[in-house]
Every structure is written in structure tokens, then in C-alpha cells.
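Let's take a walk through a structure together, starting with whole chains and ending with single residues. Keep the 3D view open as you read.

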Amino acid sequence: MIRGLWDRETVALMLLAAILPVAVTWLVIEGPWALARLGFFLLVAGLWHVLWMLARAQPPSFAGALTALALAMLAPEDLGIFALVLGTSFGVVMAELAFGGWGRNILNPATVALAFLGFSFPASGWPGLAIPVGWAVIPAALIGAAFGVISARLLLGALAVMALAALAGIPFPDKLAIYGVVLVLLVADPVTSATTALGRWLNGALYAALALMFAAYWTGAHPVQLAVSAALLTSLAAPLLDEIAIALWLTLRRRRLG
Amino acid sequence: MALWTTLTTPLIRQNPITLQILGLCSALAVTTKLDTALTMSVALTVVLVLSAFAVSLIRRHIPGTIRLIVQIIIVASLVIVIDQVLQAYFFDISQRLSVFVALITTNCLVLGRTESFARSNPPLPSMVDALGNGLGYSLILVIIGSLREFLGTGALLGYQILRTTDQGGWFQPLSLMQLAPSAFFLLGLLVWAIRSIRTEQTEPTEHEAPRVTEPAE
């Protein structure tokens, strides 16, 4: 869809701008090592985008930088270059480029790459994120929601479930920063999340519910694994949530209009 | 010459797995190790050739209405024999193959060949066709089995080629390759590779992507 200025790359750039508070906070706290890591993932993802442009005339997208940032922040830290290149390539190629590029994919490439790494190297060391990075999620979400590139309904759905859990006395998982970063970077991706109004509420709610459930019952897994698994299942369920929303709308309409 | 074509066509051009997408269940389940994949390939090829021979011999006497029942009885009897042979001589591997040898009976590939070829051709061409299809199936199983065992454990046929990090080497085994989804990924990549080279196998597109243009001023 193109409306005036708003084509695919505008959305990708706005998303990048929205994520900047998180990215900058993370880079400032982690220092040059994080910068090198981000550069590495940018190189791998960018290389695949350029290769597909040359091979299939598929325009590269700035969204590749979002994938690289998510992987740099969340991928295991003690893996060799080979493993990281393999995981990134799998996510970028199989989940995004093979479907026709960003905007036509059904799963977020970073989610797929992280799930691939998680299943392939179960014993790897997952990174922890500093608490300020978690706080930086709030301005990121506000900027994204204000410009319409991150669905406010999705964020509110997640917050509603958190509020309900707090009222019911269910304990929040520790390392909330990781869940927040996964929410804005992976779950709220406008391409792979639900697209109907009700579907977006359900999408956010489902992510929060799954995350709380995994944190309570899945022992022995790192928070990144819990959050990424919740994100993967949520994006797999997103079409179903849309389908539910549309079916509900049709039923109500039929009842009202006969 | 015609027999040679019958034998080689199912290897890649009409491969039962990558083109006809038949016999996937066993192809995905037994390929975690190369030795199970090889055993399964041999078992299926033997059953396929013998059942094609038997069905082709009595093709003029099978009543059309009950032909599937007759074919299943023939295939099932052969499968029982193979299963017993495996249990007698390769007990360890037959344990690891579990039900998948018995499930050759319901393999679409076997019934597909007896129904579509052996039922209407003399014994020799039927057996050659069955052998070709068995080899085509085996080819894919061996490729996927070796990739999964090699990437998943760094070994081939149990012989350690790359030393894993546990053993003091550098190779980090991909545990994912020992799980079922990886067989789908590898098979998908294989189909992709074959169809990029042999473009005549590519299916027509079901959906035309909308053209992206600036809206009219």
C-alpha cells in the first residue's frame, strides 16, 4: 500500500526511528563490543538483501537493520561466527526474502533466527539486558504508536493482561526488560502482527498471557527463550486472531442487518 | 533403451519425493541418522520391486473392483517378510526404525506405482520402473539423512568426522537437525534447488503480486 509519502521504506525508517531510544541506550551501556556485534549482524543481513536484489531484482529494505538490531541484542553471546551466520541467514532468507521481501513475510525474520538458534544450541548463553534498556522501551512504544507504525491496540492488549495478572496476584517474571524489547521489536512488527482492530488487542494479550504462563511453568529456560517462544507462537496465531475478529464482525453484522 | 528411460526418469525428473511429494512420512521420520535412512531405502526398494513384480504377473486376473485390496494384501505380506528379516538380522536398526518399516504398507509411493504402472505393464518394465522409483526415493533419503546426521552430530554412519565442542573440537552440532522440522527445511531447500535448475518442474503461480506504483496524481 502506498499513500503519499507512506511506502514500505517510510514505514521501515519510522520503525527504526521509534526503536532508536532502545538501540541508543543499549549501545551506550554495552559499549564498543555491542557496536561491533551490531555491525556484524548488519553486514550479514545486508549481504543477503543485496544478494537477493542482484539475483531476483527484489529491492532491499531498511527493515534488515531492524532484524540485525534485534539479533544483536538478543542472540546468544558465546556462539561461534559460523553458528551466528547460519542462524541469521536462516531467519533472513527463509522467513523474509524467500517470501518476496519485507512486507510479504508471515513471520518476523529475527524471531525465526532466534528460535533457530535456541533449538540448535540449547545450552548457549543468552544475553541479559540492563534495566535502562527496559525503560527505553516506553518512549520507543510511544513514538511508534504516535506515528502509527506500532499498533497502540497491541501494546494496550499486552498491558491489559499485565494489569489483570497484577490484580490476580500472579508474579511478574524477572528481567522484564527482555519481554519489553521483544514486544516492541518482534511482536509489534506491523508486517507479522494482526491487522484487524480486535485482532491487535488479542495479539498483544496473547503475547503477554503466553509470556506470563511460560515464565511461571517453564523452568530452566532463559527469559530470552521464553519471550522469543511467546513471540513465535503469537505471530503464528496472528492470522487466526484476524480470522476470529472478521468472523465475529460478520456474525454481528448479519444479526444486525438480517 | 525404453527400459533405461523407465529406470532413470524417476531419479530426478519424476522423483517421487521432490516432484510428486509422495512417501514423505517415512522420509521425514527415519532420516535422523544415515544408517536408518539407508536401511529404510533398501527395505522400501525391495518391497516396491517385488510387489510390482507380483501385481504385474497377475494383472490380467485381478478384478477391477477389488484391485486395491489385492494390491494391499500383496504389499502387506512382503512388508511382513522384510520386517521379520530386519528383526532377525538387524535387530538394533529395526528397533530404531520402529513402526516405519511396517508402515511401508501404507506408503503412497508403493501403492502409487503398483496402481499406476504395474497393473497395466508386463513384469520386466514394472520391476524396472519400481527399481527406478525406489532409487529415486533412496537418493533423497540418503541426501537428507547424511545432512541431518552430519550437521546434527558431526558424524556419518556413526564415524566421527568433525570433533564436536564436547569432544574438544570446534564444531558446535546443530541439535535442531535431529528434530523433525529440520527434515522439512532440508526437503524444502532441496525441492527449491532442483526446481531452480529444472525450471519445467516449477508450478504455475497461484497469485500475481500487485504492481507497486505511485497512485495517480
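What radius of gyration would a compact globule with 258 residues have, and what does chain A have? A compact globule of 258 residues would come out near 18 Å, and chain A has 18 Å, so the two agree. Before we go on, keep in mind that this is a predicted model.

**The two chains**

Let's stay with chain A for a moment. There are 10 helices in it and 0 strands, so if you read along the sequence, the pattern is simply α-α-α-α-α-α-α-α-α-α. Chain B mixes things up a little: it has 8 helices and 2 strands. Its pattern runs α-α-α-α-α-α-α-β-β-α, with the two strands sitting one after the other just ahead of the last helix.

Here are some whole-chain values to look at side by side.

| Chain | Residues | Buried residues | C-alpha extent along principal axes | Contacts joining residues 24 or more apart, out of those 6 or more apart |
|---|---|---|---|---|
| Chain A | 258 residues | 49% | about 60 × 50 × 30 Å | 80% |
| Chain B | 217 residues | 35% | roughly 65 × 65 × 30 Å | 72% |

**Membrane spans from the record**

What does UniProt say about chain B? An unreviewed UniProt entry places the feature "transmembrane region" at residues 37-58, 70-91, 97-114, 135-162 and 174-194 of chain B. Let's check two of those spans against the model. Residues 37-58 of chain B are 95% helix and 0% strand, and the C-alpha atoms at the two ends are 32 Å apart. Residues 97-114 of chain B are 44% helix, again with 0% strand, and here the end C-alpha atoms lie 24 Å apart.

**Two helices that cross**

Now find helix H3 (residues 34-57) and helix H6 (residues 108-116), both in chain B. Their axes come within 10 Å and cross at roughly 25 degrees. Angles under 35 degrees count as roughly parallel, so H3(B) is roughly parallel to H6(B). The crossing is right-handed. Which residues meet there? On the H3(B) side you'll find B:Val47, B:Leu48, B:Ser51, B:Ala52 and B:Val55. On the H6(B) side, their partners are B:Val110, B:Arg113 and B:Thr114.

**A glycine in chain B**

Next, zoom in on B:Gly136, which sits in helix H7 (residues 123-153) of chain B. Is B:Gly136 buried or exposed? It has 27 other C-beta atoms within 10 Å, and 20 or more is enough to count, so B:Gly136 is buried. Leaving aside neighbours within four places in sequence, B:Gly136 is in contact with B:Pro10, B:Leu11, B:Asn15 and B:Pro16. You can also compare B:Gly136 with B:Ala2: they are 134 residues apart in sequence, and their C-alpha atoms are 18 Å apart in space.

**An alanine in chain A**

Last stop: A:Ala57, in the loop between helix H2 (32-56) and helix H3 (63-74) of chain A. What is the phi of A:Ala57? It is near 55 degrees, a positive value in a residue other than glycine. For context, most residues other than glycine have a negative phi. A:Ala57 has 7 C-beta neighbours inside 10 Å, and 12 or fewer means exposed, so A:Ala57 counts as exposed.

Notes. Residues numbered from 1 in each chain as written. Chains lettered and ligands numbered in written order. Predicted model: local features only at pLDDT ≥ 70, side-chain atom pairs only at ≥ 80, totals over all residues. UniProt positions renumbered as here; feature names shortened; annotations may be inferred. Helix = DSSP H or I, 4+ residues; strand = E, 2+ residues; numbered from the N terminus. Rg over C-alpha atoms; globule rule 2.2 N^0.38 Å. Contact = placed C-beta atoms within 7 Å. Axes fitted to C-alpha atoms, helices over the stretch in contact; angles between N-to-C directions. Parallel < 35°, antiparallel > 145°, perpendicular 65-115°, else oblique. Left-handed = near helix turned anticlockwise from the far one by under 90°.
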